[in-house]
Amino acid sequence: MKKSKSYILVGNWKMNPTTYTDASRLFRGLIKKAALHPKVKTIVCPPSIYLGRLKDTSETISLGAQDASAEETGAHTGNISVPMLINAGASHVIVGHSECRKRGDTSDMVNKKMHAVFDRGLMPIVCIGEEVRNDAGEHLAFLKQQLSETFKGISKKHAGKMMIAYEPVWAIGATTAMDPHSVHEMSLFIKKTMSELFKGITMDSFLLLYGGAVDPGNARAIVHEGQVNGLLVGRQSLDAEAFGQIMSAIS
Ligand code: PGA
């Protein structure tokens with residue numbers, strides 16, 4: 001019998017919720033949902049202040065951080081290093097989220113963070129995405145450049161050990177996601193560009209997620225018709241019911 005494909009589901013809580021009590025309640029709700037969908041690989045990225053306290057309860061869910069410093073230690077006020085995240089229980093870390101890029105992270109900085117993450121054996125979830133699209137296809141050139149700067153000097157051996165999250169910036173926090181047909185086109189474009197950057201690595205080796213206004217109603221079509229390996233979900237990961245419905249939709 002053909003093994004059915006399993007999908008990845010990443011929840012990015014961003015700067016929510018405000019108290020540990022609420023974080024813990026939400027996390028327990030997500031754990032229950034994840035236990036019903038063992039085929040979905042679920043990763044939850046809470047604010048890092050909660051990581052250490054959530055780690056003991058996270059058997060069905062992997063924990064990720066939302067960002068990391070490229071530095072190991074030292075005078076970097078407000079930053080959190082990769083070794084700290086590992087000690088707090090993270091196995092994954094988002095780098096290059098558009099909200100961090102908006103606050104000043106360049107592709108070069110994201111690249112340095114990725115090197116730090118790989119050096120310590122965490123799995124990066126690397127976000128890329130254009131701010132606008134136009135008929136002239138300038139967003140494709142933009143993405144190509146973003147990919148080549150972001151992945152500069154990353155060893156081929158890491159190609160299958162990272163997740164690339166394609167998040168068109170205009171869809172993040174919006175009411176409508178990208179349509180599945182366009183997701184498929186972009187997935188092919190990104191995987192092809194990656195296999196050109198990582199010569200000799202096939203398109204299928206790259207794990208590509210889609211993010212931006214994913215909800216229980218559009219999740220299934222995005223992964224199946226869009227042919228991506230999974231989803232990166234913001235708002236709907238703050239609601240255990242909705243996140244569970246997304247799990248069902250892609251199971
Ligand atoms: P959203 O956020 O699902 O709320 O659009 C996605 C993200 O920013 O990762």
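Among contacts in the protein between residues at least 6 apart in sequence, what percentage join residues at least 24 apart? The figure is 73%. Keep that number in mind while walking through this predicted model.

Start with the whole chain. The protein has 251 residues. Its secondary structure comes to nine helices and eight strands. The radius of gyration is 17 Å, close to the 18 Å that the globule rule gives for 251 residues, so the protein is as compact as a globular protein of that length. Along the principal axes, the C-alpha trace spans about 50 × 50 × 40 Å.

Now consider inside and outside. Of the 251 residues, 53% count as buried. The protein exposes about 12,100 Å². Carbon and sulfur atoms supply 53% of that exposed area.

Next comes the ligand. Which residues are closest to the ligand? They are Lys 14, His 97, Glu 167, Gly 173 and Arg 235. In total, 13 residues surround the ligand. Sorted by class, this shell has five nonpolar, five polar and three charged residues.

Look at the oxygen atoms of the ligand. A polar side-chain atom of Glu 167 lies 2.7 Å from a ligand oxygen. For Arg 235, too, a polar side-chain atom lies 2.7 Å from an oxygen atom of the ligand. Ala 213 takes part through its backbone: an N or O atom there lies 2.8 Å from an oxygen atom of the ligand. How much of the ligand's accessible area does the protein cover? On its own, the ligand has 280 Å² of accessible area, and the protein covers 99% of that.

Three loop residues are worth a visit. Take Ala 171 to begin. Ala 171 sits in the loop between strand E6 (163-166) and helix H7 (180-197). Is Ala 171 buried or exposed? Its relative accessible area is 0%, and buried means under 20%, so Ala 171 is buried. Leaving out residues up to four places away in sequence, Ala 171 touches Thr 176, Tyr 210, Gly 212 and Ala 213. Ala 213 is already familiar, as its backbone lies 2.8 Å from a ligand oxygen. For a sense of scale, find Leu 63. Ala 171 and Leu 63 are 108 residues apart in sequence, and their C-alpha atoms are 25 Å apart in space.

Move on to Glu 130. This residue lies in the loop between strand E5 (123-128) and helix H6 (138-150). Glu 130 is buried, with a relative accessible area of 1%. Where does its side chain make a polar contact? The partner is the side chain of Trp 170, at 3.2 Å. Not counting residues up to four places away in sequence, Glu 130 touches His 139, Phe 142, Leu 143, Tyr 166, Pro 168, Val 169, Trp 170 and Met 178. Trp 170 thus appears both as a touching residue and as the polar partner.

Finish with Ser 237. Ser 237 is found in the loop between strand E8 (230-233) and helix H9 (240-250). Ser 237 is buried, with a relative accessible area of 0%. The Ser 237 side chain reaches the backbone oxygen of Val 233 at 3.5 Å. Beyond its neighbours within four places in sequence, Ser 237 is in contact with Gly 11, Asn 12, Trp 13, Leu 26, Leu 30 and Phe 243. Return now to the opening figure: among contacts between residues at least 6 apart in sequence, 73% join residues at least 24 apart.

Methods: Residues are numbered from 1 along each chain as its sequence is written. This is a predicted model: local features need pLDDT of at least 70, side-chain atom pairs count only at pLDDT 80 or more; totals for chains, interfaces and linings use all residues. Side-chain values use heavy atoms; hydrogens and water are left out. A residue is near a molecule or strand if one of its heavy atoms lies within 4 Å of it. A polar contact is a pair of N or O atoms within 3.5 Å; within protein, one must be able to donate a hydrogen and the other to accept it, and residues adjacent in sequence count only if both atoms are side-chain atoms. Accessible areas come from the Shrake-Rupley method with a 1.4 Å probe; for residues, only the protein chains shown count as cover. Ala, Val, Leu, Ile, Met, Phe, Trp, Tyr, Cys and Pro count as nonpolar, Asp, Glu, Lys and Arg as charged, and the others, Gly among them, as polar. Helices (H or I, at least four residues) and strands (E, at least two) are DSSP runs, numbered from the N terminus. The radius of gyration is taken over C-alpha atoms; the globule rule is 2.2 Å times the number of residues to the power 0.38. Buried means under 20% relative accessible area, exposed over 50%, partly exposed in between (1.4 Å probe, protein chains only). Contact means heavy atoms within 4.5 Å.
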